[in-house]
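Hi,

Here is the structure I promised to pass on. Have a look at it first, then read on for what turned up.

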Amino acid sequence: NDNSLAYSVGVTLDRFIKKKQDDFPFASGELSQLLRDIALAAKIVNRETNRAGLANIGGAFGQTNVQGEEQQKLDVIANIRFTRALTKGGEVCAIVSEEDDEVIDLQNNSGKYVVAIDPLDGSSNIDVNISIGTIFSIYRRVTPVGSPIQLDDIMQPGRQQVAAGYVLYGSSTMLVYTTGCGVNGFTYEQSLGEFFLSHPDMKAPSSGNIYSINEGISNSFSEGLAKYIAHCKSKNYSARYIGSLVADFHRNLLKGGIYIYPETKKNPSGKLRLLYEANALAYIAEQAGAEANDGVQRILDIQPTSLHQRTPLYIGSKVMVNEALEFISKKS
Ligand code: AHG
Ligand code: MN
Ligand code: MN
Ligand code: MN
């Protein structure tokens, strides 16, 4: 099939990026270089994820992050690897990371790009060998290159993204990203150290029969949401929720489905973070013909007001997202 063809003709990530850059005569190659820097860090984190149990880098790091979560060693290691790769790459002036309280100013004001990153998503799954991921968003800085970074460079709505992607450290390791012209998926070939194009031009099914939500918090669900979940059950949909947003999102993107993380008593604005979880996956979703909403508005239209702000998230096949929104907006 054409996937093996892609492997055999060797459409590597590098070649793909180069080809895309050639399609844009004005492309300066800086975004291309940034994507390569991210892919390099992904290869390093992939190796460390695969060895976690052997290299005593599993388990808790012993500190709590700004989210109030107990950092895992791999959270910290992944954060260091991506930050170092982006610093060395020279294309980035600032990083927003789940694992850092404040903006990381790379003291590189000539860098044109700002990156928001969840270095390791699904940390609770590291020690039990279930898929985890990395999520990233890329923005162009809005203040003049060469000047110190400003808050305006950081607090950009998701629709301003120039690129977004995720790495899925799963049964195979994949890099999936968009630069605004569709979504492409690359599978990592460990023995060659290369990502090969395996999922060209990914498109989400417009509907599906998979719903992903933590039903353990259903006591917090609004009446409308409870009705939507009951509706899914009446239709005999499959419940699939593994606690790693990247993995749940990727499966639903390929097969059709909806992932919901609503407001709860514990997290009145939802649990997922806007800048480095919801925005990146929302951009990918829309580029693949799917949708992402916070229950009231398009995720990409939310004007951020704080670095680690959370948002409710309804994301996946557009028919399912719109149906869920119908249920939750209906006055009971
Ligand atoms: P992270 O590990 O980056 O903090 O993200 C965890 C998120 C997301 O990956 C997952 O879907 C969700 O938390 C699971 O939350 P619950 O355990 O509350 O269901
Ligand atoms: Mn976390
Ligand atoms: Mn996460
Ligand atoms: Mn994380």
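What spacing along the chain do the donors of the manganese ion (ligand 4) follow? They follow E-x19-D-x1-L.

Before the rest, some housekeeping. This is a predicted model, so local features need pLDDT of at least 70 and side-chain atom pairs count only at pLDDT 80 or more, while totals for chains, interfaces and linings use all residues. Residues are numbered from 1 along each chain as its sequence is written, chains are lettered from A and ligands numbered from 1 in the order in which they are written, and side-chain values use heavy atoms, with hydrogens and water left out.

**Metals**

For the manganese ion (ligand 4), the protein donors are Glu98 (OE), Asp118 (OD) and Leu120 (O), at 2.0 to 2.2 Å. (Donors are N, O and S atoms within 2.8 Å of the metal, or 3.2 Å for Na, K and Ca; water is not among the atoms, so sites may look incomplete.) Glu98 also bridges this ion and the manganese ion (ligand 2), with 3.6 Å between the two ions. The pair Glu98 and Asp118 links distant parts of the chain, 20 residues apart: Glu98 is in the loop between strand E3 (92-97) and strand E4 (104-105), and Asp118 is in strand E5 (residues 113-121). (Helices, H or I with at least four residues, and strands, E with at least two, are DSSP runs numbered from the N terminus.) Both of these residues are buried, meaning under 20% relative accessible area; exposed is over 50% and partly exposed in between, with a 1.4 Å probe and protein chains only.

Asp118 turns up again at the manganese ion (ligand 3), where the protein donors are Asp118 (OD), Asp121 (OD) and Glu277 (OE), 1.9 to 2.1 Å away. The spacing there reads D-x2-D-x155-E. Asp118 in strand E5 and Glu277 in helix H8 are 159 residues apart, and Glu277 is buried, as is Asp118. From the manganese ion (ligand 3) to the manganese ion (ligand 2) it is 5.4 Å.

**Ligand 1**

Ligand 1 has 18 residues around it, and the closest are Asp121, Gly122, Tyr241, Tyr259 and Tyr261 (a residue counts as near if one of its heavy atoms lies within 4 Å). As for polar contacts (pairs of N or O atoms within 3.5 Å; within protein, one must be able to donate a hydrogen and the other to accept it, and residues adjacent in sequence count only if both atoms are side-chain atoms), here are three:

- a polar backbone atom of Gly122, 2.7 Å from an oxygen atom of ligand 1
- a backbone N or O atom of Ser123, 2.9 Å from an oxygen atom of ligand 1
- a polar side-chain atom of Tyr261, 2.7 Å from an oxygen atom of ligand 1

**The sheet**

There is an open sheet of 8 strands with mixed pairing, ordered E4-E3-E5-E6-E7-E8-E9-E10. (Two strands pair if DSSP finds at least two bridges between them.) E4 and strand E10 (194-199) are the edges, each pairing on one side only. Strand E6 (residues 132-140) pairs with strand E7 (residues 163-169) in the antiparallel sense over 7 bridges, and Thr134 stands opposite Val167 in E7.

**Ile210**

One more spot to look at: Ile210 sits in strand E11 (residues 210-212). Ile210 is buried, at a relative accessible area of 8%. Its C-alpha atom is 9.3 Å from that of Arg251, 41 residues apart along the chain.

Cheers
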